[in-house]
Amino acid sequence: MGVVEKFIENDPLESRPSYQTAAELLPISDIWPAANEPRQQHTGIASGHPSLDTLLASSGWPRGASIELLLDQTGIGELTLLLPALANLTQSGQMVILVNPPYIPYAPALASSGICLENLLILHPRGLKDTLWAIEQSLQSGGCGALLSWQGRLSPAHKDLCRLQQAARNGDCLHFHFRPQSESTTPSPAQLRLQLEPEETQLALKLLQQSGGPYGQHLYLARAAQLACREQPLH
């Protein structure tokens with residue numbers, strides 16, 4: 001209720017990816033910079049958690065970058081970590097996109113947390129190839145403030161992760177990618193990697209990887225109320 005949700009039907013593989021429509025929904029406010037133009041400087045976006053911002057090299061979430069959140073179970077408060085930044089983005093008119101969330105987001109809880117629901121879009125592409133294409137096109141569109149994606153049963157290849165990182169940079173978009181903790185031992189081009197675990201009423205964070213800054217630190221944050229209808233899994 002209140003969440004803008006678009007279900008995209010797949011076309012045959014030989015046709016263009018069916019979720020082209022999703023990319024067309026986003027306003028194109030930028031053109032990819034030419035190779036000889038100076039690279040745009042990306043400043044951090046406040047996470048809403050001052051203790052976390054002090055550990056991050058950009059004093060907030062690094063915009064124009066992929067950020068991996070590694071966890072072994074959903075519903076441990078992982079969205080609590082992102083809510084302040086997502087609320088600020090949607091309230092400023094920027095689109096936030098969720099790609100293949102494991103459960104139906106609970107609209108009343110999101111709204112009470114400051115999320116502007118008319119600026120929230122949910123995509124359900126099918127299969128790894130279509131999902132990666134939808135994420136890449138949305139990230140580089142220039143009309144997306146943040147995109148959240150959940151890794152399915154198949155792990156993207158390293159070259160695919162590099163493409164997503166580049167797309168996030170080109171579109172100046174926050175990309176939060178939820179992946180299992182087992183991926184922590186594999187190389188990743190992500191600018192930031194955080195391991196998340198439940199700790200009673202808190203969310204335990206470990207900074208696994210950070211470009212241009214220290215890593216290895218541990219942090220504990222309070223967990224918020226349930227934000228998903230867990231009795232209604234999406235896949």
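**Close-up 1. Arg-163 and its partner Glu-136 in the predicted model.** Arg-163 is partly exposed, with a relative accessibility of 46% (buried is under 20% relative accessible area, exposed over 50%, partly exposed in between, with a 1.4 Å probe and protein chains only). Its partner Glu-136 counts as buried, at 11% relative accessibility. The two residues form a salt bridge whose closest N and O atoms are 2.8 Å apart (a side-chain nitrogen of Lys or Arg within 4 Å of a carboxyl oxygen of Asp or Glu). The pair links distant parts of the chain, 27 residues apart: Arg-163 lies in helix H6 and Glu-136 in helix H5, residues 128-139 (helices, H or I of at least four residues, and strands, E of at least two, are DSSP runs numbered from the N terminus). This is a predicted model, in which local features need pLDDT of at least 70 and side-chain atom pairs count only at pLDDT 80 or more, while totals for chains, interfaces and linings use all residues. Residues are numbered from 1 along each chain as its sequence is written, and side-chain values use heavy atoms, with hydrogens and water left out.

**Close-up 2. The salt bridge between Asp-172 and Arg-63.** The closest N and O atoms of Asp-172 and Arg-63 are 3.8 Å apart. Asp-172 sits in the loop between helix H6 (158-171) and strand E9 (174-179), and Arg-63 in the loop between strand E3 (61-62) and strand E4 (65-70); the pair is 109 residues apart and links distant parts of the chain. Both Asp-172 and Arg-63 are buried.

**Close-up 3. The salt bridge between Arg-193 and Glu-68.** The side chains of Arg-193 and Glu-68 meet at 2.7 Å, N to O, in a salt bridge. Arg-193 belongs to strand E10 (residues 192-199) and Glu-68 to strand E4, 125 residues apart, so that distant parts of the chain are linked. Arg-193 is buried, with a relative accessible area of 3%, and Glu-68 is buried at 2% relative accessibility.

**Close-up 4. Surroundings of Glu-68.** Leaving aside residues up to four places away in sequence, Glu-68 touches Leu-161, His-177, Arg-179, Ser-188, Ala-190, Leu-192, Arg-193 and Leu-194 (contact means heavy atoms within 4.5 Å). The C-alpha atoms of Glu-68 and Trp-150 are separated by 10.0 Å, the two residues being 82 residues apart along the chain.

**Close-up 5. Salt bridges with shared partners.** A search of the whole structure finds 6 salt bridges. Glu-68, Arg-179, Glu-183 and Arg-193 are joined into one network by salt bridges that share partners.
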